[in-house]
Amino acid sequence: MSKDQIKNLIERHLPAAGLVDTALKGVQLFRVTEAMPCVPAVYEPTVVAILSGTKEAVLDGEHHAYGCEKYLLCPMTLPVEAGTPLASNDDPLLGVVIALEPRKMRELTMEIETAAGGKRQSRDGAPSALALATWDEGFTQTLLRLLDLLDNPVDLEVLGQGRLRELYYAVLMGEAGAAARRAFGVGNEIARTIDYLSTHLNEQVTIDDMADHVGMSRAVFHRRFKDATTMSPIQFVKSMRLNNAAMKIAEGKPVSEAAWDVGYQSSSQFSREFKRVYGQSPRQWSHDRQLTTGGA
């Protein structure tokens, strides 16, 4: 019944297709009524909950399809391809995106570990890149309580941050909790490295630079990074740059400017690497993308 209430709430606040920010910072509602193939995207630390339809995310060739039975946890910034292959007017994709504020997630993770006497988190293993988790009672009820605030501005102003904290807690204690706690708890060097990379894409960063940033040897850093993201550090940086550039090109930015913005100093090198990944030159990809989206 709670899921139906959440679905009805989203439909009421978002009667037409679109993605809207709510009055609660970091919480967005979306409705998609047209099938969209998977295209380059960059996921920030988020939880994506679907109430109707199916969404797909692809990371390094691995497909993650999910609907109303599972929610998606992305605990770190990642270059992915995302789409809504089955969305239609008759069967729209409805959902909510909740941004995970890293500082608050780290603080809450530490509180959980302290309260559990340090036994809650395993120190082995790297943070999972993407994780799907079953909608348990805790997550469902806290999401409903959070979105209920949208109907009352006073309640939202007074209770919003507390309800958001409750949702973070439900995620950390749910099926994807181990992945979340590894990403935001003690020993989260890989997630911190990715945060650093995300804000320095236009700089020339080497593996040694990344390893030094978190105080690891090159070999240990390379192994842990690949365990966490499924990609080598260099492959990850290249994917982040190409995905960010593709998004800028899709928004109408000239190819040369998009390449420069993400750290490419050679347009020809950018075009070669773009074509190798996406099978088309940047200009042809942009042209076909505009045709697919009707110029939107």
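**Charge, fold and one helix of a predicted model**

The chain carries 32 positive and 37 negative side chains, and the centres of these two sets lie 4 Å apart. Lys and Arg count as positive and Asp and Glu as negative, with His and the chain ends not counted; the place of a charge is NZ of Lys, CZ of Arg, CG of Asp or CD of Glu.

The model is predicted, so that local features need pLDDT of at least 70 and side-chain atom pairs count only at pLDDT 80 or more, while totals for chains, interfaces and linings use all residues. Residues are numbered from 1 along each chain as its sequence is written, and side-chain values use heavy atoms, with hydrogens and water left out.

Twelve helices and ten strands make up the secondary structure of the chain; these are DSSP runs numbered from the N terminus, helices being H or I of at least four residues and strands E of at least two. Along its principal axes the C-alpha trace spans about 55 × 50 × 30 Å. Of the 296 residues, 48% count as buried, that is, under 20% relative accessible area with a 1.4 Å probe and protein chains only. Among contacts (heavy atoms within 4.5 Å) between residues at least 6 apart in sequence, 73% join residues at least 24 apart.

Helix α3, residues 137–148, offers a closer view. Its buried residues are Phe139, Thr140, Thr142, Leu143, Leu144, Leu146 and Leu147. The cover over these buried residues includes helices α1 (2–13) and α4 (153–173), together with strands β2 (27–32), β4 (46–52), β7 (70–74) and β9 (93–99).

Note on methods:
Buried means under 20% relative accessible area, exposed over 50%, partly exposed in between (1.4 Å probe, protein chains only). The expected span of a helix is 1.5 Å times one less than its number of residues.
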